[in-house]
Amino acid sequence: MNRQRPDADVHIASFVIQHRDSAARALAAMIDAHDDLDLALRGETRSVVICESADRHAVMERVDQLQAVPGVLNVLLVYHHAEPAHALDQPLPSLSIVSATGDAHEHTS
C-alpha cells in the first residue's frame with residue numbers, strides 16, 4: 001500500500017473528450033475502472049472527465065488511456081492544478097465583494 005506523504009501534491013485535471021456515440025459504453029467502462037476518474041458530463045459526442053491524482057504522471061497516463069479507447073477521437077487537457085494535499089484542508093479566506101451600488105459584502109466559504 002502506498003502511503004501519501006504529508007507534503008504530497010494533489011493534481012486536479014479536466015479533459016474534454018471528443019468521441020463517437022458508439023464509444024460511450026467503452027469510455028464509461030474505462031472511467032469506472034479508475035478511482036481517480038469521474039465522468040462529469042456525458043454528451044453524444046463530447047464528454048467531460050475529471051481526474052484527481054497524487055501524481056502528475058498519472059494525469060498524463062490517463063490522457064493516453066482515454067485516447068486508446070476505441071471510438072475516442074481526441075482528448076483535450078483543459079485544466080490542470082496542483083497544490084499540497086494539506087492546503088486543500090485549509091479554510092478559504094473571507095472575501096469582501098463590492099456590489100455595483102458600492103456596498104461591501106463579506107463572503108466566506
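**Figure 1. Helix H1 on the sheet.** In this predicted model, H1 lies across S1, S2, S3 and S4. Take S2 as the reference strand, and H1 runs at about 145 degrees to S2. H2 packs on the sheet as well, touching S1, S2, S3 and S4. The direction of H2 makes about 165 degrees with that of S4.

**Figure 2. The four-stranded sheet.** Here's the sheet itself: four strands make an open sheet, and the order to follow is S2-S3-S1-S4. The pairing is antiparallel. Out at the edges sit S2 (37-42) and S4, each of which pairs on one side only. Going from one strand to the next, the twist averages 20 degrees.

**Figure 3. Strand S1 and its two partners.** This view is about S1, which covers residues 9-19. With S4 (residues 72-84), S1 pairs in the antiparallel sense, and eleven bridges link the two. With S3 (residues 46-53), the pairing of S1 is again antiparallel, this time over eight bridges. His11 is a handy place to start looking: its bridge partner in S4 is Ala82, while in S3 His11 stands opposite Ser53. A little further along, find Ser14, which stands opposite Ile50 in S3.

**Figure 4. How H1 and H2 pack.** Two packed helices are described by the angle between their axes and the distance between the axes. For H1 (residues 24-32) and H2 (residues 56-67), the angle is about 155 degrees and the axes are 10 Å apart. An angle over 145 degrees counts as roughly antiparallel, so that is the label for H1 and H2. The crossing of this pair, H1 and H2, is right-handed.

**Figure 5. Side by side at the H1 and H2 contact.** Zoom in on the residues where the helices meet. H1 brings Leu27, Met30 and Ile31, and H2 brings Arg62, Gln65 and Leu66. Sorted by class, the contact has four nonpolar residues, one polar and one charged.

**Figure 6. Ala26 in helix H1.** Ala26 is found in H1. Is Ala26 buried or exposed? Neither label fits: Ala26 has 35% relative accessibility, so it counts as partly exposed. Now look for Pro70, which is 44 residues away from Ala26 in sequence. In space, the C-alpha atoms of Ala26 and Pro70 are 7.3 Å apart.

**Figure 7. Gly43 in a loop.** Between S2 and S3 there is a loop, and Gly43 lies in it. Gly43 counts as partly exposed because its relative accessibility is 22%. His19 makes a useful landmark here: Gly43 and His19 are 24 residues apart along the chain, and 9.2 Å separates their C-alpha atoms.

**Figure 8. Stepping back to the chain.** After the close-ups, here is where the pieces fit. The chain has two helices and six strands, and from the N terminus on the elements run β-α-β-β-α-β-β-β. Of the 109 residues, 28% are buried. What share of the contacts between residues at least 6 apart in sequence joins residues at least 24 apart? For this chain, that comes to 64%.

Definitions and conventions:
Residues numbered from 1 in each chain as written. Predicted model: local features only at pLDDT ≥ 70, side-chain atom pairs only at ≥ 80, totals over all residues. Heavy atoms only, no water. Axes fitted to C-alpha atoms, helices over the stretch in contact; angles between N-to-C directions. Parallel < 35°, antiparallel > 145°, perpendicular 65-115°, else oblique. Left-handed = near helix turned anticlockwise from the far one by under 90°. Contact = heavy atoms within 4.5 Å. Nonpolar A, V, L, I, M, F, W, Y, C, P; charged D, E, K, R; others polar. Pairing = 2+ DSSP bridges. Buried < 20%, exposed > 50% of the residue type's maximum accessible area, 1.4 Å probe, protein only.
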